[in-house]
Amino acid sequence: MKRVVSGIRPTGRLHIGHLKGIIENWVKLQEEYETFYFIADIHSYTTNLSTAKSEFYYDIVRDLLAEGINPDKSTLFVQSEISQHSELSTLLSMVTPLGWLQRCPTFKEAISNTNDKEMISLGLISYPVLMTSDVVLYDANFVPVGKDQLPHLELAREIVRRFNRIFGKTFVEPKSLLTKFPLLIGTDNRKMSKSYDNCIYLNENDELLRKKIMSMITDKNKVRRNDPGEPNVCNVFSYHNIFGTVDIEEIEKTCKSGELGCVDCKKNLCNTMSEIIGIHRKKKSRFSNEYVREILEEGRKKASKIAKQKIKIVKENMGMRL
Ligand code: TRP
């Protein structure tokens, strides 16, 4: 079976964008591949030094389990608990020209978005090197990522090629598995992100959920209830579409004709979302933190065994004394 490796940073609670963009895909992949999913906690310090919180690790793993990640099929573990991720990252950094990292679009963006020069750390620029190490340590064939992570995967492939050329074939070139799902737009029509405060969280309570949905922007030209609307420019409609409202055609038709007002349309969406979140919450409540602790411990053992063997081969190929 081909191997899939992917990680998620524990920088907060997960939102419905993660559900559609990452988790549902991870669940599907475990049927077809040998899957390794990890909490990328070291990575979370690249942008914010007080961001990883150990309570999020548990919360995220419980979200994964609730959505159907099966610990018998997928190995779940924490990046920082497998020391070989950092070790390999150091070794890979020796074959990574600085220019490759400086040219990386996510790095350039991070620089232009920060006023605090001291936040542009060595760790930030070497983010893609650590990410490379995350996947090649396990000989990942495929890495499911969103579009924003594609440059990192491209770099990973280049680092692997350079390493293999210099030290002999050691690593598998990981291929990206682009998540088909488009990025979910936040309630303010910007990209859904914690820092914009425009997320609907998987643990959202009904009151806040209502408030957030009622504040969503619809077709700006539909001012009055009976004005005809254009569903294709409306984020509320795209949510209806994504979250599987049954009578989507009816919504489209009645929005266009003007029969359906935005307030009613949003109320429908509240019901749909509230049900989805309710079901998620119920499933999640079956998994205790104690259980998560056991799962992560099992995952740690399994990942650690593979990582140790791999690092040995790497060192041997580099000519180090074993
Ligand atoms: N960089 C990824 C993100 O922010 C998280 C991540 C870290 C990752 N290491 C990885 C994803 C390895 C896939 C494979 O989304």
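The following exchange concerns the ligand shell and helix α14 of a predicted model.

Local features in this predicted model need pLDDT of at least 70, side-chain atom pairs count only at pLDDT 80 or more, and totals for chains, interfaces and linings use all residues. Residues are numbered from 1 along each chain as its sequence is written, and side-chain values use heavy atoms, with hydrogens and water left out.

Student: What makes the approach of Tyr127 to the ligand a polar contact?
Tutor: A polar contact is a pair of N or O atoms within 3.5 Å; a nitrogen atom of the ligand is 2.6 Å from an N or O atom in the Tyr127 side chain, so the pair qualifies.

Student: Which ligand atoms do Arg9 and Gln149 approach?
Tutor: A polar side-chain atom of Arg9 lies 3.0 Å from an oxygen atom of the ligand, whereas one of Gln149 lies 2.9 Å from a ligand nitrogen atom. Taken alone the ligand exposes 370 Å², of which the protein buries 91% (Shrake-Rupley method, 1.4 Å probe).

Student: Which element gives the largest share of the shell around the ligand?
Tutor: That element is α8, with 4 residues; helices here are DSSP runs of H or I with at least four residues, and strands are E runs of at least two.

Student: How do you know that the length of α14 agrees with its number of residues?
Tutor: The expected span is 1.5 Å times one less than the number of residues; the 30 residues of α14 (residues 289-318) should therefore span 44 Å, and the end C-alpha atoms are 41 Å apart, which agrees.

Student: What phi does Gly319 take just after α14?
Tutor: Gly319 takes a positive phi of about 90 degrees.

Methods. Polar contact = N/O pair within 3.5 Å; in protein donor to acceptor, adjacent residues only side chain to side chain.
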